[in-house]
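User: Please take a close look at a single part of this model, and then follow that part outwards into its surroundings. I would like the cut-offs behind each term to be given as you go.

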Amino acid sequence: MKEVKFTVSSNVEIALNTWKMVLKGDTSAIKGSGQFVEISLPGFFLRRPISVNDATEGTLTLVYKVVGKGTDMMSGLSEGATLDILTGLGHGFHPEACATDALLLGGGVGTAPLYLLARELIAAGKAVTVVLGFNKSEEAMLVEDFKALGARVEIATMDGSLGTKGFVTDILAKGGIQYDHFYGCGPLPMLKAVCAGIEGKGEISLEERMGCGCGICYGCTCHTTEGPRRVCADGPVFDKEVIVW
């Protein structure tokens, strides 16, 4: 964990109530996809946990949805604003677990951390298929970004306004997707359905409310076959097989 002062480079709305913030600062503590950061905001006691969308040397990209007063404040930050951020938090995905073909499953803003994972996998010579689920077309995000990396992208929307009508599981049910390892991030009902219905090994990143973000408060504990585990410190990424639903 490393506390860093970042400067906002850009902060723009990329989908309905969804924003992409690019920051400049020390990213040396961020080791890979699936990790998250904790942002300190003036007037708020608890930091806001946000997954890492992308990270390069000196640049951190966050994609977040405005769901409360904290994220609403974030959406109002302009270029040049500074933020105190804890970086390098959590245990992330394992791209090396994929042999040749990876399947990435994202729901809503859970799509965000899959971008860096896709970039890592493709850089390692793996084929990547990304299946994304949203409520409606206005909420779809990062679709062209994944395509630009060279990933195959399939989309499902609840109202049928974009791609397949239904859930990501409806796309999977049609078959035709080759993979030897899958990775998922999104709402708990989606992840539960995916883990129950999909074959093969995989990893999921859990979304939970976090108090401290570093394992002290135990407020984000989940149930696993290995006993209670803290999403922030032991996760947020867990093997599919260990989660007790």
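Analyst: **A hairpin and the pockets around it**

Strands β13 (221–224) and β14 (residues 227–230) pair in the antiparallel sense over four bridges, where pairing requires that DSSP finds at least two bridges between two strands. The model is a predicted one, in which local features need pLDDT of at least 70 and side-chain atom pairs count only at pLDDT 80 or more, while totals for chains, interfaces and linings use all residues. Residues are numbered from 1 along each chain as its sequence is written, and side-chain values use heavy atoms, with hydrogens and water left out. Strands here are DSSP runs of E with at least two residues, helices are runs of H or I with at least four, and both are numbered from the N terminus. Within the pair, T224 stands opposite G227 in β14, and the two strands form a hairpin with two residues between them.

From the hairpin, the description passes to the second largest pocket, a pocket being an open set of points on a 1 Å grid over the protein atoms alone, where a 1.4 Å probe fits, with protein on both sides within 12 Å along at least five of seven lines. This pocket holds about 160 Å³ of space, a volume being the space filled by probe spheres set on the points, which are joined across faces, edges and corners. Its lining, made of residues with an atom within 4 Å of a point, consists of L188, K192, L206, E208, C222, H223, I243, V244 and W245. The elements that give two or more residues to this lining are α5 and β13. By class, the lining divides into six nonpolar, one polar and two charged residues, with Ala, Val, Leu, Ile, Met, Phe, Trp, Tyr, Cys and Pro counted as nonpolar, Asp, Glu, Lys and Arg as charged, and the others, Gly among them, as polar.

The largest pocket has a volume of about 1,400 Å³. It is lined by 48 residues, of which V67, V109, G110, E207 and E208 are the closest to its centre, and E208 also belongs to the lining of the second largest pocket. Helix α5 (188–197) is among the elements that each supply at least two residues of the lining of the largest pocket, including also β5 (59–65) and β8 (127–134), whereas the largest share, four residues, comes from β4. This lining divides into 25 nonpolar, 15 polar and eight charged residues.
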